[in-house]
Amino acid sequence: MKDTLRHYLNPLHILCRLRQCGISAPTARKVCLAYERVYTKVL
């Protein structure tokens with residue numbers, strides 16, 4: 001379960017899903033950079 005959550009919450013995975021939703025690459029990168037800061041502190 002933990003590995004599955006870690007995969008889906010991975011910043012790179014989030015970046016790919018944002019791109020699939022049609023968000024531009026620069027915007028998706030900015031969102032993921034902010035998210036990565038939170039992700040690394042929590043996990």
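1. Contact is taken here to mean heavy atoms within 4.5 Å. On that basis, and leaving aside its neighbours within four places in sequence, His13 of this predicted model is in contact with His7 and Tyr8.

2. As to its setting, His13 belongs to helix 2, which covers residues 11-20. The residue counts as buried because its relative accessibility is 14%, and the cut-off for that label is under 20%.

3. Helix 3 runs over residues 25-42 and has 18 residues, with a reach of 25 Å from its first C-alpha to its last, which is close to the 26 Å expected at 1.5 Å a residue. The buried residues in this helix are Ala25, Ala28, Cys32 and Tyr39, and the buried residues of helix 3 pack against helix 2 and also against helix 1, residues 2-8.

4. One pair of residues links the two preceding points: His13, which lies in helix 2, and Cys32, which is buried in helix 3, are 19 residues apart along the chain, while their C-alpha atoms are separated by 9.5 Å.

5. At the start of the chain, Met1 lies in the segment before helix 1, and this residue counts as exposed because its relative accessibility is 78%, where the label requires over 50%. Together with Leu5 and Leu9, Met1 forms a nonpolar patch on the surface, and the accessible area of these residues together is about 340 Å².

Methods:
Residues numbered from 1 in each chain as written. Predicted model: local features only at pLDDT ≥ 70, side-chain atom pairs only at ≥ 80, totals over all residues. Heavy atoms only, no water. Helix = DSSP H or I, 4+ residues; strand = E, 2+ residues; numbered from the N terminus. Buried < 20%, exposed > 50% of the residue type's maximum accessible area, 1.4 Å probe, protein only. Expected span 1.5 Å × (residues − 1). Patch = residues over 30% accessible without salt bridge, like charges linked within 9 Å, V, L, I, M, F, W, Y side chains within 5 Å. Areas by Shrake-Rupley, 256 points an atom, 1.4 Å probe, with all protein chains shown as cover. Salt bridge = Lys/Arg side-chain N within 4 Å of Asp/Glu carboxyl O.
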